[in-house]
Amino acid sequence: MQEGENWNAFEVFHQEKRGAHHEHVGCVHAPNAQMALIFAKEQFGRRKKCVNLWVVRSADILAFDAEDEDMFANNGEKTYRDASGFKVMEKINKFKKEAK
Amino acid sequence: MINTTAISNLLTAMADDALIQGHRNSEWTGLGPIMEEDIAFSSMAQDKIGHAWALYKIKQEELNGSDPDQFAFLRNEKEYKCCHFVEHPNGEYDFSLMRHFLFDHAEAIRYEQLQQSSFQPLQPLAKKLKGEIKYHTLHANAWVSQLCRAGEESHARMQSALNTCFPLALGLFEPTPSEEELIAEKVYPGEKALREMWLDRIHNILTVAALNLPDENTTEPVYGGRNGYHTIYLQPLLEEMGAVFRTDPAATW
């Protein structure tokens, strides 16, 4: 199977219920987006709950190069950016108590 | 009072068509043109066998019929009511796809009508299968349209498959003697009416795909299946399909 003119890879995104995020579940090969969606339905939507699927041509996804990974390297040190760094439970509990 | 023998015959014909078509399509498992299609086609073949089972089950529960597995696997060839269309070997993928297209649109129309059947047990089944059959026809339409745009050879092969399939496909609508009664009792609208609806629907899709539907007035339909007259292909299929079951018909699976 040759990638390109006749066959392309498509990334498949699965939605479990209405309003939920579509989550990436894998890919299919297909001649076009319509066929990709049709293949994806049996490939990724035939078991368990599914209400919708998206397909996107893999080539249409823009990504960083692997060598640009260094841009993210210092994230581990910047704990002040973690939501978990904020101590708010005390304030929430106090508010709840007052609201009663 | 509805004629239960007539209903029973109708259910058997529908179920046997689905069973044999499902079995034929399942023969593509592992041999499909690409993995994605192999999975989709196999999955739909399973659905067809599920449709057959559901109809045999209605016969058992509502019409004093026998156990669905026994009925599906242990009858003599003459007792099957499937049309010749579904009995033919798979041949090339163009034939199988065209058969899938023609069969599934016929099935879709039949179940749409059965949603209003006066034979109550058919109503919930028809509603339950609606989404499944919608996918089957969507899949078939996509392939027909794709292959008809894929160059001269591809288009010619699809046209040739259509020409081969068409007289056989008309056999899906073989009239039966007790049909008038079922029409009068509003069990279903009858084979002739279904056939007209089917022709309208496939005509539109085939026109977009630039395929010529052969003239129904000059095509001799291939009948016989509903009365137990079958092609030479059915007996070997039945032997293979029931081989495991017959090793121990009393076994629980």
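**Exercise 1. Take B:Lys48 and work out whether it is buried or exposed, then find its salt-bridge partner.**

*Solution.* Start with the accessibility: B:Lys48 comes out at 1% relative accessibility, so it counts as buried. Keep in mind that we're working with a predicted model here. Next, look for a carboxylate: the side chain of B:Lys48 meets that of B:Glu107 in a salt bridge, 2.8 Å from N to O. Now place the two partners: B:Lys48 sits in helix α2 of chain B and B:Glu107 in helix α5 of chain B, so this is a link between distant parts of the chain, 59 residues apart. Finally, check the partner's cover: B:Glu107 has 7% relative accessibility, and since the cut-off for buried is under 20%, B:Glu107 counts as buried.

**Exercise 2. Which residue forms a salt bridge with B:Asp16, and what parts of chain B does the pair tie together?**

*Solution.* Step one is the partner: B:Asp16 pairs with B:Arg75, and their closest N and O atoms are 2.8 Å apart. Step two is the location: B:Asp16 belongs to helix α1 of chain B, while B:Arg75 is in the loop between α3 (68–73) and α4 (84–87), so the pair ties together parts that are 59 residues apart in sequence. Step three is the cover: both B:Asp16 and B:Arg75 are buried.

**Exercise 3. Try chain A: describe the salt bridge of A:Arg57 and say how accessible each partner is.**

*Solution.* First, a reminder of the principle: side chains of opposite charge can pair when their charged atoms come close. In chain A, the side chain of A:Arg57 meets that of A:Asp60 in a salt bridge at 3.3 Å, N to O. Then go through the accessibilities. A:Arg57, at 33%, counts as partly exposed. A:Asp60 has a relative accessible area of 52%, and the cut-off for exposed is over 50%, so A:Asp60 is exposed. To put the pair in context, the structure holds 14 salt bridges over all chains.

**Exercise 4. How do the rings of B:Trp28 and B:Tyr93 pack against each other?**

*Solution.* Begin with the overall count: a search of the whole structure turns up 9 aromatic pairs over all chains. For this pair, the ring centres lie 4.8 Å apart and the planes meet at 85 degrees, so the geometry is edge-to-face. Now for the backbone context: B:Trp28 is in the loop between α1 (4–26) and α2 (35–62) of chain B, and B:Tyr93 is in helix α5 (residues 93–114), so the pair ties together parts that are 65 residues apart in sequence. As for cover, B:Trp28 is buried at 14% relative accessible area, and B:Tyr93 is buried with a value of 14%. One last step: look for a further ring, and you'll find that ring pairs link B:Trp28, B:Phe41 and B:Tyr93 into a cluster.

**Exercise 5. Which surface patches do A:Glu69 and A:Phe72 belong to?**

*Solution.* Take the acidic residue to begin with. A:Glu69 is in the loop between β3 (52–57) and α2 (89–99) of chain A. Its relative accessible area is 59%, so A:Glu69 is exposed. A:Glu69 gathers with A:Asp65, A:Glu67 and A:Asp70 in a surface patch of negative charge.

Now the aromatic residue. A:Phe72 is found in the loop between β3 and α2 of chain A. A:Phe72 has 43% relative accessibility, so it counts as partly exposed. On the surface, A:Phe72 forms a nonpolar patch with A:Phe64 and A:Met71, and together they have about 350 Å² of accessible area.

**Exercise 6. What is phi of B:Lys186, and what is phi of B:Ala210?**

*Solution.* Go one residue at a time. B:Lys186 has phi near 60 degrees, a positive value in a residue other than glycine. B:Lys186 lies in the loop between α8 (179–184) and α9 (191–208) of chain B, and at 62% relative accessibility it counts as exposed. B:Ala210 has a positive phi of about 60 degrees, although it isn't a glycine. B:Ala210 is in the loop between α9 and α10 of chain B, and a relative accessible area of 48% makes it partly exposed.

How values were computed:
Residues numbered from 1 in each chain as written. Chains lettered and ligands numbered in written order. Predicted model: local features only at pLDDT ≥ 70, side-chain atom pairs only at ≥ 80, totals over all residues. Heavy atoms only, no water. Patch = residues over 30% accessible without salt bridge, like charges linked within 9 Å, V, L, I, M, F, W, Y side chains within 5 Å. Areas by Shrake-Rupley, 256 points an atom, 1.4 Å probe, with all protein chains shown as cover. Salt bridge = Lys/Arg side-chain N within 4 Å of Asp/Glu carboxyl O. Lys, Arg positive; Asp, Glu negative; His and termini not counted. Charge placed at Lys NZ, Arg CZ, Asp CG, Glu CD. Helix = DSSP H or I, 4+ residues; strand = E, 2+ residues; numbered from the N terminus. Buried < 20%, exposed > 50% of the residue type's maximum accessible area, 1.4 Å probe, protein only. Phe/Tyr/Trp six-rings, centres within 6.5 Å; stacked < 30°, edge-to-face > 60°.
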